[in-house]
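Q: I am new to this structure and would like a close look at a single part of it, with enough of the surroundings to see where that part belongs. Please take one spot, say what lies around it, and then go on from there to the rest.

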Amino acid sequence: MTGDPLFHDGVDLVDIGIMGLKVVVAFGFLLVATMFMVWFERKLISDMQNRIGPNVAGPWGLLQTFADGVKFFFKEDLRPENADPLVFRLAPYISAVTAFLSFAIVPVGGVFKDVPGTTGTVNIFGRETFLQVADPPIGILLLLAMSSIAVYGIMLAGWSSGSKYPLIGSVRASAQAISYEAALGMSVVAVVILAGTLSTHDIVAHQAGGINTWFLVTSGVIPFIVFLIAATAELNRPPFDLVEAEQELVGGFHTEYSSIRFALFFLAEFMNVITMSAIMVTLFFGGPAGPIFFGLTWFWPTIWFMSKVMVFLFIFVWFRATLPRLRYDQLMDLGWKVLIPLSLFWLMFISLKELRASNDWNWIATYAAAAGGLLLGGTLLITALRAGDRAYQKDSEDA
Amino acid sequence: MAGGMLTIARILRPQRPTRQKLIAYESGVDPVGGEWAQSQIRYYVFAVLFVLFDVEAVFIFPWATRLEVYGLFGLVEMAIFIFILVLGLFYAWRKGVLRWV
């Protein structure tokens with residue numbers, strides 16, 4: 001049984017109503033969460049740097065982001081005369097919309113059991129449904145697609161500004177985002193191999209059996225580490241924030257943006273942090289899985305989910321407070337020469353391990369064959385590189 | 001939602017553009033040279049490499065979901081595929097394309 005049980009026997013008005021409700025709730029939740037994320041980050045950073053941080057608006061400065069948001073509305077919206085009018089206006093929309101859309105695939109709650117078909121559903125108005133806005137069969141691919149499209153937002157913003165800092169910032173951003181997206185995709189493949197599905201709901205359902213079945217453990221910790229690093233880079237968060245390195249580029253791609261358009265970029269950025277944390281929890285930490293104690297059973301998974309996400313939000317802020325920014329060449333080296341080969345290797349290893357387990361092959365023979373294959377591959381690779389070197393030398397001698 | 005925010009903001013905010021406000025920001029001094037700065041060609045190489053790996057992902061994902069079905073045959077196929085890909089990556093590496101100068 002796949003897909004949201006809400007749609008299994010026809011779609012009527014109540015189904016559409018529930019769907020709309022889910023969209024509105026997820027949307028509102030995400031907005032509020034983003035507001036508090038900004039506050040959380042500022043407060044935490046200031047604690048780590050021995051400052052006080054926001055403390056005027058509301059208790060503990062909780063309403064600081066709200067105040068900032070209101071202020072954005074009253075600010076003049078400048079469009080530099082060199083800017084491309086249409087694209088300059090379009091870019092913030094692309095960023096904001098993709099940020100919202102990728103959250104739709106995250107299952108935020110529901111009791112997941114090992115019983116197939118009845119898993120992970122909650123009862124709203126007498127209908128069984130998943131606690132996630134959408135469960136497309138291509139789930140995780142949607143995330144990758146959205147993060148690809150988000151690059152357009154950044155690239156177009158920088159290009160259309162008709163100014164130098166934004167252009168450099170956006171080109172850097174695009175190069176960085178696409179480099180790490182390859183690694184991101186490869187590390188997700190490990191999870192997909194284990195789950196045998198792309199749907200986020202089914203991925204969570206596969207991890208319902210306790211910590212030992214979390215993909216963090218079953219995939220070896222490597223894909224998670226690759227994913228965490230790649231996600232940090234993908235989000236342009238420190239230590240990979242070369243995109244908006246203030247000391248070099250002023251504000252990066254959004255230098256020329258002001259007022260509410262800037263607010264949209266800002267919103268998208270923090271929303272993406274929340275979404276990425278949620279995706280990480282979904283992929284590697286069992287999503288809303290966790291022990292259920294008493295009272296409302298549907299309530300606990302959501303609590304577990306949120307606390308896991310909070311841990312990752314803390315980690316992202318922690319990164320920012322702790323790690324110095326990388327140099328651009330180091331950034332590219334890490335992406336292409338470490339993360340991608342590592343995740344490719346691990347991908348093959350995981351698939352071999354899975355196949356061996358399911359087909360009951362002799363493990364010595366399997367791994368011996370794998371090692372032989374690796375050795376053969378390595379030898380071929382080195383031979384090819386040597387041959388290339390010789391040809392290159394010969395060419396340069398001839399010339 | 002984004003559209004709504006922009007509309008509200010349009011009503012609320014002041015609009016007094018002046019010549020000074022509209023020129024591109026360049027740390028307070030007047031912009032030097034043309035407004036469309038040139039970017040370096042080395043970014044382009046990474047873009048091409050990315051296309052390669054992204055297309056690869058297109059092939060890997062379907063295989064990953066149906067790992068059990070294709071079994072050993074699929075595994076060996078994929079190993080060969082990835083080997084060719086890694087060969088390309090190493091070629092680029094040795095060629096100095098990945099070196100950021």
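A: Two residues are said to be in contact here when heavy atoms of one lie within 4.5 Å of heavy atoms of the other. The model is a predicted one, and the values below are computed from it.

With that meaning of contact in hand, the spot to begin with is S199(A), which sits in the loop of chain A that joins helix 5 (164-195) to helix 6 (200-205). If neighbours within four places in sequence are set aside, the residues that S199(A) contacts are D135(A), P136(A), P137(A) and G139(A). Is S199(A) buried or exposed? A residue counts as buried when its relative accessible area is under 20%, and because S199(A) has a relative accessibility of 4%, it is classed as buried.

Another loop of chain A offers a contrasting case. N50(A) lies between helix 1 (13-48) and helix 2 (64-73), and its phi is positive, at about 60°, although N50(A) is not a glycine. The cut-off for exposed is over 50%, so N50(A), with a relative accessible area of 73%, is exposed.

A third residue, I222(A), belongs to helix 8 of chain A, which covers residues 222-234. Since values in between the two cut-offs are called partly exposed, I222(A) falls in that class because its relative accessible area is 24%. Not counting residues up to four places away in sequence, I222(A) touches L342(A) and W346(A). From V188(A), by comparison, I222(A) is separated by 34 residues in sequence and by 11 Å in space, taken from C-alpha to C-alpha.

These three residues can be set against chain A as a whole, which has 399 residues, 53% of them buried, and which holds 13 helices and two strands. Among the contacts in chain A with a separation of 6 or more, 76% are between residues 24 or more positions apart. Chain B has 101 residues, of which 33% are buried, and it contains four helices and zero strands, so that, in the order of an α-α-α-α run, its elements follow one another from the N terminus on. In chain B, residues 24 or more positions apart make up 50% of the contacts with a separation of 6 or more.

Chain A is itself divided into two parts, domain 1 (5-361) and domain 2 (365-399). Where these parts meet, six residues of domain 1 of chain A are in contact with four residues of domain 2 of chain A. The area buried between the two domains is about 410 Å², and 78% of that area comes from carbon and sulfur atoms. On the side of domain 1, F345(A), L352(A) and R356(A) supply 69% of the area that is buried against domain 2, which is more than any other three residues give.

Both domains also take part in the second largest pocket, whose lining draws at least three residues from each of them. The volume of this pocket is about 900 Å³, and of its 27 lining residues, the closest to the centre are M348(A), A370(A), G373(A), L374(A) and A79(B). At least two lining residues come from each of helix 12 (328-359) of chain A, helix 13 (363-398) of chain A and helix 4 (67-94) of chain B. It is helix 13 of chain A that gives the most to this lining, with eleven residues. By class, the lining of the second largest pocket has 23 nonpolar residues, four polar ones and no charged ones.

The structure also holds an enclosed space, with one cavity of 30 Å³ or more. The volume of the largest cavity is about 320 Å³, and among the 22 residues that line it, A150(A), I154(A), E234(A), L235(A) and N272(A) are the closest to its centre. Helix 3 (85-103), helix 4 (139-160) and helix 10 (259-284) of chain A each provide at least two residues of this lining. Here the classes divide into twelve nonpolar, seven polar and three charged residues, whereas the lining of the second largest pocket has no charged residue.

Note on methods. Residues numbered from 1 in each chain as written. Chains lettered and ligands numbered in written order. Predicted model: local features only at pLDDT ≥ 70, side-chain atom pairs only at ≥ 80, totals over all residues. Heavy atoms only, no water. 1 Å grid on protein atoms, 1.4 Å probe; cavity = no way out; pocket = protein on both sides within 12 Å on 5 of 7 lines; lining within 4 Å. Points joined across faces, edges and corners; volume = space filled by probe spheres on them. Nonpolar A, V, L, I, M, F, W, Y, C, P; charged D, E, K, R; others polar. Domains from an automatic or database assignment. Buried < 20%, exposed > 50% of the residue type's maximum accessible area, 1.4 Å probe, protein only. Buried area = accessible area lost by both parts, 1.4 Å probe.
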